[in-house]
Amino acid sequence: MDKSQPVKSDKVEEDLTYKDCRYPWHTVQVLADGEVRPCCWSTGSLGNLHDNDLEEIWDGARIKDLRKHILNEKMHEICDGAPCVYVQNEMRRKDGLS
């Protein structure tokens, strides 16, 4: 085995937890109707560009609450049922499946 090469783990995705999600600090997704979501997997909205500009949404109460939930390892309603690895791994952990 070449020790200069990083070791690849098959468990990387399984080890990710909800608190590892960083999307709400780095990106948002804007849909064609103006709806703004924290990521492409999100099931809920942060706001709509027809009602507020992006800066207001980015610094708004809803995204701040989402960030707080993530830091405190609590599932936020905007992520409920999201098919992303962070949410799915968290749900498996709570169900005792991992």
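What share of the contacts in the protein chain with a separation of 6 or more comes from residues 24 or more positions apart? I looked this up before anything else, and for this predicted model the value is 48%.

**Entry: overall layout.** I went through the secondary structure and counted five helices and three strands in the protein chain, which, when I read along the sequence, follow the pattern α-α-β-β-β-α-α-α. I then turned to accessibility and noted that 31% of the 98 residues count as buried, while the chain exposes about 6700 Å², of which carbon and sulfur atoms supply 49%.

**Entry: the core.** I looked up the largest nonpolar core and found that 14 residues belong to it, with Tyr18, Leu46, Leu66, Cys79 and Val87 having the most contacts inside it. The elements that give two or more residues to this core are α4, residues 61–71, and α5, residues 85–94; the largest share, three residues, comes from α4. I picked Cys79 for a further check and listed its partners, leaving aside neighbours within four places in sequence: Cys79 is in contact with Tyr18, Thr43, Leu66 and Val87.

**Entry: helix α5.** Which residues of α5 are buried? I noted Tyr86, Val87, Asn89 and Glu90, and I wanted to know how they are placed around the helix. They cover an arc of only 165 degrees around the axis, so they sit on the same side of α5. I kept in mind the general rule that an α-helix has 3.6 residues a turn, so residues three or four places apart point the same way.

**Entry: Asn89.** I stayed with α5, the helix in which Asn89 lies, and asked myself whether Asn89 is buried or exposed. Its relative accessible area is 2%, and because the cut-off for buried is under 20%, Asn89 counts as buried. I also checked the distance to Thr17, which is 72 residues away along the chain, and found the C-alpha atoms of Asn89 and Thr17 separated by 6.2 Å.

**Entry: the surface.** I finished with a nonpolar patch on the surface, formed by Val30, Leu49 and Leu54, which together have about 220 Å² of accessible area. I followed up on Val30, which is found in strand β1, residues 29–30. With a relative accessible area of 41%, Val30 falls between the cut-offs of 20% and 50%, and therefore I entered Val30 as partly exposed.

Terms used: Residues are numbered from 1 along each chain as its sequence is written. This is a predicted model: local features need pLDDT of at least 70, side-chain atom pairs count only at pLDDT 80 or more; totals for chains, interfaces and linings use all residues. Side-chain values use heavy atoms; hydrogens and water are left out. A nonpolar core is a set of buried Ala, Val, Leu, Ile, Met, Phe, Trp, Tyr and Cys residues joined through side-chain atoms within 4.5 Å. Buried means under 20% relative accessible area, exposed over 50%, partly exposed in between (1.4 Å probe, protein chains only). Helices (H or I, at least four residues) and strands (E, at least two) are DSSP runs, numbered from the N terminus. Contact means heavy atoms within 4.5 Å. Patches are made of residues with over 30% relative accessible area and no salt bridge: like charges are joined within 9 Å, nonpolar side chains (Val, Leu, Ile, Met, Phe, Trp, Tyr) within 5 Å. Accessible areas come from the Shrake-Rupley method with a 1.4 Å probe; for residues, only the protein chains shown count as cover. A salt bridge is a side-chain nitrogen of Lys or Arg within 4 Å of a carboxyl oxygen of Asp or Glu. The arc is that of the directions from the helix axis to the C-beta atoms.
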